Amino acid sequence: MKQFYAKLVAMLAGALVAGPAFAASVVNIGSSSVVIVVVEDGNKVEISLDAGGSDVICSSGCFLTLPNGDRIGLAGGETVEIKDGVATIK
């Protein structure tokens, strides 16, 4: 539970500093949960998304590793939809 609150505080602080327009979001439109790895400013975080779940990531650009092993660079502002481990960037 402490990790959840730590992530929440970090995300809120990042949103306040960078503003919501510059953050990327990730949405799991698949039917099963997925785990993605986000590396931002040298910090590596695993994020679990249930089916239909979403999260805001990458306030200052990052690399995203998907369940199928693909690695994507994000600048912020993108929306990444994940279905069956494959991403579509919008």
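Author: Contact, in what follows, means heavy atoms within 4.5 Å. Please keep in mind that this is a predicted model. With that said, ask away!

Reader: Happy to. Which residues does Asn28 touch, leaving out those up to four places away in sequence?

Author: Asn28 touches Ser33, Val34, Leu49, Asp50, Ala51, Gly52, Gly53 and Ile82. Each of these has a heavy atom within 4.5 Å of a heavy atom of Asn28, because that is what contact means here. Asn28 itself belongs to strand β1, which covers residues 24–28.

Reader: Why is Asn28 called buried?

Author: Buried means under 20% relative accessible area. Asn28 has 1% relative accessibility, so it counts as buried.

Reader: How do you know that the side chain of Asn28 has a polar contact with Asp50?

Author: A polar contact needs a pair of N or O atoms within 3.5 Å, one able to donate a hydrogen and the other to accept it. A polar atom of the Asn28 side chain lies 3.2 Å from the backbone oxygen of Asp50. That distance is within the cut-off, so the distance part of the rule is met.

Reader: What makes Gly76 partly exposed?

Author: Its relative accessible area is 22%. Partly exposed is the range between buried, under 20%, and exposed, over 50%, so Gly76 falls in that range. This glycine sits in the loop between β6 (71–74) and β7 (79–83). Setting aside neighbours within four places in sequence, Gly76 contacts Phe22, Ala23, Ala24 and Cys58. Cys58 is 18 residues away along the chain, yet the two C-alpha atoms are separated by 5.7 Å.

Reader: Cys58 caught my eye. Why is its link to Cys62 called a disulfide?

Author: A disulfide is a pair of cysteine sulfur atoms within 2.5 Å. The sulfurs of Cys58 and Cys62 are 1.6 Å apart, so the pair meets the rule. In general, a disulfide is a covalent bond between the sulfur atoms of two cysteines. By this rule the count comes to 1 disulfide. The link of Cys58 and Cys62 is right-handed, with 50° about the S-S bond, and both cysteines are buried.

Reader: How do you know that β5 and β6 are paired strands?

Author: Two strands pair if there are at least two bridges between them. Strand β5 (residues 62–65) and β6 share 4 bridges, so they pair, and they run antiparallel. Along the way, Cys62 stands opposite Leu74 and Leu64 stands opposite Ile72. The two strands form a hairpin with 5 residues between them, and Gly69 in the turn has a positive phi of about 95°. On its other pairing, β5 joins strand β2 (residues 34–40) in the antiparallel sense over 3 bridges, with Val37 opposite Thr65.

Reader: What makes the side chains of β5 and β6 alternate?

Author: Look at which face each one points to. In β5, Cys62 and Leu64 point to one face and are buried, while Phe63 and Thr65 point to the other and are not. In β6, the buried face has Ile72 and Leu74, with Arg71 and Gly73 on the other face and not buried.

Reader: And why are β4 and β8 said to stand at the edges of their sheet?

Author: That sheet is open and has 4 strands in the order β4-β1-β7-β8, with mixed pairing. β4 (54–57) and β8 (86–89) each have a single partner strand, so one side of each is left without a neighbour in the sheet. The twist averages 20° from one strand to the next. At the β4 end, 4 bridges join β1 to β4 in an antiparallel arrangement, and Ser25 has Val56 as its bridge partner.

Reader: One last thing: how many helices and strands does the chain have?

Author: There are 1 helix and 8 strands, running α-β-β-β-β-β-β-β-β from the N terminus. Of the 90 residues, 31% count as buried. The chain exposes about 5,600 Å², and carbon and sulfur atoms supply 59% of that area.

Notes. Residues numbered from 1 in each chain as written. Predicted model: local features only at pLDDT ≥ 70, side-chain atom pairs only at ≥ 80, totals over all residues. Heavy atoms only, no water. Buried < 20%, exposed > 50% of the residue type's maximum accessible area, 1.4 Å probe, protein only. Areas by Shrake-Rupley, 256 points an atom, 1.4 Å probe, with all protein chains shown as cover. Axes fitted to C-alpha atoms, helices over the stretch in contact; angles between N-to-C directions.
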